[in-house]
Amino acid sequence: MSYAIVGFGKVGQAPAHAFARKNIDVIIASRRPPEALAPQARAIGPTVIAKSLRDALDADTIILAVPFSEHREVAKALPTWKGKTVIDATNAFGVLLEELNGLLSSAFVAKSFPGAKFVKGFNHLAAATLAADPIVEGGHRVVFLSRDDEDAIAPVADLAKQLGFAPVKLGKLNEGCALVHARGRTWGQVIFQDLFKKEQ
Ligand SMILES: NC(=O)c1ccc[n+]([C@@H]2O[C@H](COP(=O)([O-])OP(=O)(O)OC[C@H]3O[C@@H](n4cnc5c(N)ncnc54)[C@H](OP(=O)(O)O)[C@@H]3O)[C@@H](O)[C@H]2O)c1
């Protein structure tokens, strides 16, 4: 299995630390050329390799860590996403709900990656927490994973475990995953408010 992280800002660098900690190779890429990213990649660890975006997309599993508004640009870089696993770590903070056509942001992003095995995950932790050793006081920090395609989840859960996290499966994107979504300027609790209003 080969891995890439697309987007090498705060959130892209965070899982790179986890890969480096476990000596697992990971390619990192952004819009900038690999030479510009290489010093930062090397500083994280020798298994973190900067490549061009196009080369990074040769990986089997791609962690999407770009601003929400950029996901379509990444999607356009491959003619087909068939055979790829995409882990969506983006959040749609500040994106108007009307812009999402009534969908949760993960379902909205998934539409740009047809054919991919699409998993929402690693998005609920602040970057600094995601970068830190996930083994805390003998326990494993949790990451939440959701998917519509049942087949998509197992390799991502395995990766999370290899990186030292405890994966928690939340079901389909529009089920448990709704609790770990940004919506407008709020986080999952807005869903509770919506449900509460409906019950009244
Ligand atoms: N910050 C957090 O604590 C946190 C936590 C959970 C989730 N998130 C989510 O994670 C995503 C990234 O957040 P961030 O804080 O890491 O942002 P950031 O620090 O601004 O980094 C964004 C990265 O994406 C790259 N990028 C932008 N457009 C791109 C494109 N079209 N193709 C390839 N690379 C592109 C940028 O690099 P270049 O400019 O070099 O291209 C940069 O490396 C967001 O959706 C955010 O909501 C953030």
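**Stop 1: the ligand**

Select Val 66 and the ligand in this predicted model. A polar backbone atom of Val 66 sits 3.0 Å from an oxygen atom of the ligand. The ligand on its own has 890 Å² of accessible area, and the protein covers 80% of this.

Now add Gly 9. One of its backbone N or O atoms is 3.0 Å from an oxygen atom of the ligand. Then pick Arg 31. Here the partner is a side-chain atom: a polar one, 2.8 Å from a ligand oxygen atom.

Widen the selection to the whole shell. How many residues surround the ligand? The count is 23, and the closest are Phe 8, Val 11, Ser 30, Arg 31 and Arg 32. Colour the shell by class. Twelve of its residues are nonpolar, six are polar and five are charged. Two helices to highlight are H1 (10–21) and H4 (71–76); each gives the shell at least two residues.

**Stop 2: helix H1**

Stay with H1 and select its twelve residues. Put a distance between the C-alpha atoms at its two ends: they are 17 Å apart. At 1.5 Å a residue the expected span is 16 Å, so the two values agree.

Which residues of H1 are buried? They are Gly 12, Ala 14, Pro 15, Ala 16, Ala 18, Phe 19 and Ala 20. Keep the helix geometry in mind as you turn the view. An α-helix has 3.6 residues a turn, so residues three or four places apart point the same way.

Step past the end of H1 to Asn 23. Its phi is positive, near 55 degrees.

**Stop 3: Pro 134**

Go to the loop between helix H6 (127–131) and strand S7 (135–136), and select Pro 134. Is Pro 134 buried or exposed? Its relative accessible area is 1%, under the 20% cut-off, so Pro 134 counts as buried.

Show its contacts beyond four places in sequence. Pro 134 touches Arg 21, Gly 139, His 140, Arg 141, Leu 163, Gly 164 and Phe 165. Pause on Gly 164. It is 30 residues from Pro 134 along the chain, yet their C-alpha atoms are separated by 5.8 Å.

**Stop 4: His 181**

Finish in the loop between strand S10 (166–169) and helix H8 (189–199), where His 181 is found. His 181 is buried, with a relative accessible area of 1%.

Which side chain makes a polar contact with that of His 181? Select Ser 106: the contact is 2.8 Å. Leaving out residues up to four places away, His 181 touches Ser 106 along with Leu 104, Ser 105, Lys 120, Thr 186, Trp 187 and Gly 188.

Methods: Residues are numbered from 1 along each chain as its sequence is written. This is a predicted model: local features need pLDDT of at least 70, side-chain atom pairs count only at pLDDT 80 or more; totals for chains, interfaces and linings use all residues. Side-chain values use heavy atoms; hydrogens and water are left out. Helices (H or I, at least four residues) and strands (E, at least two) are DSSP runs, numbered from the N terminus. Buried means under 20% relative accessible area, exposed over 50%, partly exposed in between (1.4 Å probe, protein chains only). A polar contact is a pair of N or O atoms within 3.5 Å; within protein, one must be able to donate a hydrogen and the other to accept it, and residues adjacent in sequence count only if both atoms are side-chain atoms. Contact means heavy atoms within 4.5 Å. A residue is near a molecule or strand if one of its heavy atoms lies within 4 Å of it. Accessible areas come from the Shrake-Rupley method with a 1.4 Å probe; for residues, only the protein chains shown count as cover. Ala, Val, Leu, Ile, Met, Phe, Trp, Tyr, Cys and Pro count as nonpolar, Asp, Glu, Lys and Arg as charged, and the others, Gly among them, as polar. The expected span of a helix is 1.5 Å times one less than its number of residues.
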